[in-house]
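Dear colleague,

I am passing on the structure below so that you can look through it at your own pace. My notes on what was found in it follow underneath.

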Amino acid sequence: MKVIKSLALVAGLATMVSCNNQKADVKSLETEIDSASYALGMDMAIKIKSNFSEADTDMFLQGYRNGMDSTNMLMKEEELGDFLRTFFQKQQMEKAQNEAKVKFAAVKAAGEKFLAENKTKEGVVTTDSGLQYMVLKEGKGDVIDPTNKVKLHYHGTTIDGQVFDSTVDRNEPYETVANIFIPGFNEGLAMMKVGSKYKFFIPQELAYGAQQRGQLIKPFSALIFEVEILEILED
């Protein structure tokens, strides 16, 4: 990330510049070194400003001074890289999510409208988390434990009926541990017995949220799955 590279460059400059010899601002650039030094400082400031406008200048300069003289440091040097990487990844993720909320507001609204209407239909049950399900066939086998390896069929569609994935259409049952799916799918499986067939109506927050998954699953999409448990497999 540009801002992390800029901050890392400050550490490199610390070996070339002495904070103990501070001077008043100069009015002109007399030498090539003056020009290069000034340009480098200004370039870093512009990059940081454009990527991290919330930066506290006083804290930035305090961190620079502490790094220069290696005293009164509020963070350990070995922690800096991981902290900055995690912080700016979080900032980028939040920015992307906020942009997606605006761009895909209609998708989110359509899902909410669909689920609000769907929950009033006969046979539809809504859990505390917001997952909606309908029992198409109740099995008589064992209840699925999240750690069980299971063989199952699923048929996944968008709320307008477009199929994005289907083991039924491929005629290839899926074998997997029962807790590897999106949260809404996992919650639904834990209610099912072997031989059962349920239909899940999964709100976006229990599906992929702000993520885009292929062409059909847009950010904030509510999803529908028909799921049938064929058997629990031996480990």
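The chain has seven helices and seven strands, where helices (H or I, at least four residues) and strands (E, at least two) are DSSP runs numbered from the N terminus. Along the sequence they follow the pattern α-α-α-α-α-β-β-β-β-α-β-α-β-β. Please keep in mind that this is a predicted model, in which local features need pLDDT of at least 70 and side-chain atom pairs count only at pLDDT 80 or more, while totals for chains, interfaces and linings use all residues. Residues are numbered from 1 along each chain as its sequence is written, and side-chain values use heavy atoms, with hydrogens and water left out.

Of the 235 residues in the chain, 29% are buried; buried means under 20% relative accessible area, exposed over 50%, and partly exposed in between, with a 1.4 Å probe and protein chains only.

The largest nonpolar core (buried Ala, Val, Leu, Ile, Met, Phe, Trp, Tyr and Cys residues joined through side-chain atoms within 4.5 Å) has 23 residues, and those that touch the most other members are Phe 185, Leu 189, Phe 200, Ile 202, Phe 225, Val 227 and Ile 229. Two or more residues come from each of strand S3 (149–158), helix H7 (183–189), strand S6 (197–202) and strand S7 (223–233), and S7 gives the most, with four. A second, separate core of six residues includes Leu 115, Val 124, Phe 201 and Ala 222.

It may help to compare two threonines. Thr 158, which is placed in strand S3, is buried, because its relative accessible area is 8%. Leaving aside residues up to four places away in sequence, Thr 158 touches Phe 164, Leu 216 and Ile 224, a contact being heavy atoms within 4.5 Å. The side chain of Thr 158 is also joined to that of Asp 160 by a polar contact of 2.3 Å, that is, a pair of N or O atoms within 3.5 Å, of which, within protein, one must be able to donate a hydrogen and the other to accept it, and residues adjacent in sequence count only if both atoms are side-chain atoms. Thr 71, by contrast, lies in the loop between helix H3 (57–69) and helix H4 (80–103), and counts as partly exposed because its relative accessibility is 36%. The side chain of Thr 71 makes a polar contact of 2.8 Å with the side chain of Asp 69.

With best wishes
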